[in-house]
Every structure is written in structure tokens, then in C-alpha cells.
Amino acid sequence: MAETLTRSAARNIFFGGSLFFFIAFAALTVHSHWYMVNDSTDRKGLTDSVERGKHVWEQNSCINCHTILGEGAYFAPELGNVWHRYGGRENPQAARAAIKGWIKAQPLNVPGRRTMPAFDLSEEELDALVDFFRWVDGIDTQDWPPHPAG
Ligand code: HEC
């Protein structure tokens, strides 16, 4: 065995390693894309109302305080699973009413608790928001967040 690395061995390791990791990177990219498009996107459930709900979410900058699937600010609870937390999978009507009721009841101004401001949203906008939350809850996040309150 050679005591020192020869120039050609070093070159082969460099090019071989680069090629190996490039192929691994490309394969994982294709896999992620394929997974997102085919497995985890509920295209049928992506209704106009879900889209409107996303616009309401964006127009009112809910993300300035909340996260959705981990994206956003950490001032207020994660809302990607709010539908699940409010029992929407078992009782959709009650969850819809509870989420809308919560938003309409703001600000609660409970001393010592963070306050959510009031938003002047129509019934249609509130329903669209709930449809959006419901759709996001259906995304297969591979059991993330690990804690339901996350
Ligand atoms: C200024 C910060 C802020 C903004 C902006 C904000 N929220 Fe909140 N939100 C909060 C806080 C703080 C709480 C938790 C309050 C508490 O637990 O008493 C909360 C709680 C909630 C909850 C209940 C979550 C749960 O698990 O009980 C929902 C639903 C919600 N917000 C929806 C929205 C929507 C929809 C918008 C945009 C239209 C929005 N929030 C914008 C601060 C905000």
C-alpha cells in the first residue's frame, strides 16, 4: 500500500466523491418532488375556498404571529394542525364553529396571556380560512409536529 496519496488517487477520490454526491443529491431531489406531487398533495380537496382561505391568511398577515407547518413567527400557536387540535377529524362542524368563534371573540385580553387582535372578517372569509386550515391539516407531515400543541 502506498504511504502517500498519489496525485491520481487524490483526483479520483475528488471526482468520484463529487459524482457520487451529485447523483445522491439529484435522486433525493427527484424523490422529494415525486413525493410532494403524488403522495402528499390533496389535489381534489384543493377547492376555490381553500385558495381563498390562503389569501385571507396572507392578506391579514396571520403569519406575523403564527406558524403554519413551522413557517412564520413564534409568538402564537402553530396552526397547521389547528383543525386536528379542535377535533375537526372527529367532529368537523363543531371544530369549524369553534375556530370561527375563537377568531371572532378576539381580543380576549386575558392578563398574563398573549393577545390576538380582532380581525374584521366576513363569514365567507372565516369559512375559507377554516377550509384552508382543514386542507393543511390533511398534508402528510410524517407526524410533525410531534406534540399536538406544537
Ligand atoms: C398579533 C399577533 C397575532 C396575529 C396577527 C394573529 N394571531 Fe391568532 N393568535 C395570537 C395569539 C397570541 C394566540 C393565542 C392566544 C391565547 O392562547 O390566549 C392566537 C390564537 C389563534 C387561534 C387559536 C389557536 C389555538 O390553538 O387555540 C387561531 C385559530 C388563530 N389565532 C387564528 C388566527 C388567524 C386566522 C389570524 C389571521 C387572520 C391570526 N390568528 C392572526 C396572535 C395573533
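**Chat about the iron site and the pockets**

Me: Hi! Why does Met116 count as buried or exposed here?
Reply: Met116 counts as buried because its relative accessibility is 18%; buried means under 20% relative accessible area, exposed over 50%, and partly exposed in between, with a 1.4 Å probe and protein chains only. This is a predicted model, where local features need pLDDT of at least 70, side-chain atom pairs count only at pLDDT 80 or more, and totals for chains, interfaces and linings use all residues. Residues are numbered from 1 along each chain as its sequence is written, and side-chain values use heavy atoms, with hydrogens and water left out.

Me: Nice. Which protein donors does the iron atom of the ligand have?
Reply: They are His66, through NE2, and Met116, through SD, at 2.0 to 2.1 Å from the iron atom. Donors are N, O and S atoms within 2.8 Å of the metal (3.2 Å for Na, K and Ca); water is not among the atoms, so sites may look incomplete.

Me: And where do His66 and Met116 lie?
Reply: His66 is in the loop between helix 2 (48–59) and strand 1 (67–68), and Met116 is in the loop between helix 4 (92–104) and helix 5 (123–137), so the pair ties together parts 50 residues apart in sequence. Helices (H or I, at least four residues) and strands (E, at least two) are DSSP runs, numbered from the N terminus. Like Met116, His66 is buried.

Me: How far is Met116 from Glu90 in space?
Reply: C-alpha to C-alpha, they are 27 Å apart, with their positions 26 residues apart in sequence.

Me: Switching to pockets: how much space lies in the largest pocket?
Reply: About 650 Å³. On a 1 Å grid over the protein atoms alone, a pocket is an open set of points where a 1.4 Å probe fits, with protein on both sides within 12 Å along at least five of seven lines, and lining residues have an atom within 4 Å of a point. The volume is the space filled by probe spheres set on the points, which are joined across faces, edges and corners.

Me: Which residues lie nearest its centre?
Reply: Of the 30 that line the largest pocket, His66, Ala76, Pro77, Trp102 and Met116 do. Helix 4 gives the most to this lining, with three residues.

Me: What about the second largest pocket?
Reply: The second largest pocket holds about 250 Å³ of space. It is lined by 16 residues, with Asn81, Arg89, Asp137, Thr141 and Trp144 closest to its centre.
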